[in-house]
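Me: Please take a close look at the nonpolar core of this structure and at the aromatic and cysteine residues. A connected account is preferred to a list.

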Amino acid sequence: MKFLCKELWGAVFRKQIDNLRTNHQGTYVLQDNHFALLTQMANGHQYLEEAPKFLAFTCGLVRGALSTLGIESVVTADVALLPACESLIEALDIG
């Protein structure tokens, strides 16, 4: 996860993740307080409902990177206040 937060995020968005939390059971929350793909729509609250659509690419990017590393996961994103976003990553236990 540190690789994802520092290297991958930095290469794609030119900054590191602002916060990484975990429950130590395979669930991680990545928080970006100034997400690059949402900054243009941060001027008005009318875009808050549409914002999650712009995070689909990022969820796929994170899931693909983890899959390449051999970690199957479910990645979802949430926007409560523009331009911040949170991504929830649940690593699946492949038995």
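Reply: The account below begins with the core and then turns to the aromatic rings, the cysteines and two strand residues.

This is a predicted model, in which local features need pLDDT of at least 70 and side-chain atom pairs count only at pLDDT 80 or more, while totals for chains, interfaces and linings use all residues. Residues are numbered from 1 along each chain as its sequence is written, and side-chain values use heavy atoms, with hydrogens and water left out.

A nonpolar core is here a set of buried Ala, Val, Leu, Ile, Met, Phe, Trp, Tyr and Cys residues joined through side-chain atoms within 4.5 Å. Buried denotes under 20% relative accessible area, exposed over 50%, and partly exposed the range in between, with a 1.4 Å probe and protein chains only. The largest such core has 21 residues, and L4, F35, L38, V62, V79 and I89 have the most contacts inside it. Two or more of its residues come from each of α1 (2-13), α2 (56-68) and β4 (85-91). Helix α1 supplies the largest share, five residues. Helices (H or I, at least four residues) and strands (E, at least two) are DSSP runs numbered from the N terminus. In soluble globular proteins, nonpolar side chains tend to be buried together.

I89 may be followed outward through its contacts, a contact being heavy atoms within 4.5 Å. Leaving aside neighbours within four places in sequence, I89 is in contact with M1, L4, G26, T27, Y28, L30, V62, L66, S73, V74 and V75. One of these partners, S73, belongs to strand β3 (residues 73-78) and is buried, with a relative accessible area of 2%. With the same exclusion of neighbours within four places, S73 is in contact with R63, L66, I89, E90, A91 and L92.

The aromatic residues come next. Rings of Phe, Tyr and Trp (its six-membered ring) pair if their centres lie within 6.5 Å; planes under 30 degrees apart count as stacked, over 60 as edge-to-face and the rest as tilted. The whole structure holds three aromatic pairs. In one of them, the ring centres of W9 and F13 are 4.8 Å apart with planes at 50°, so this pair is tilted. W9 and F13 are separated by about one helical turn, because they stand four residues apart in helix α1. W9 is buried at 3% relative accessibility, and F13 is buried at 12%. W9 also pairs with F35: the centres are 5.8 Å apart and the planes at 40°, so this pair too is tilted. The pair links distant parts of the chain, with W9 in helix α1 and F35, 26 residues apart from it, in the loop between β2 (27-32) and α2. Both W9 and F35 are buried. Ring pairs thus join W9, F13 and F35 into a cluster.

For the cysteines, a disulfide is a pair of sulfur atoms within 2.5 Å, and by this rule the count is zero. C5 is in no disulfide, the nearest cysteine sulfur being that of C85, 12 Å away. The sulfur of C85 has its closest cysteine sulfur in C59, at 8.5 Å, too far for a bond. C5 is buried at 7% relative accessibility, and C85 is buried at 5%.

C5 is also among the contacts of L20, which lie beyond four places in sequence and comprise M1, C5, Y28, V29 and L30. L20 lies in strand β1 (residues 19-22) and is partly exposed, at 34% relative accessibility.
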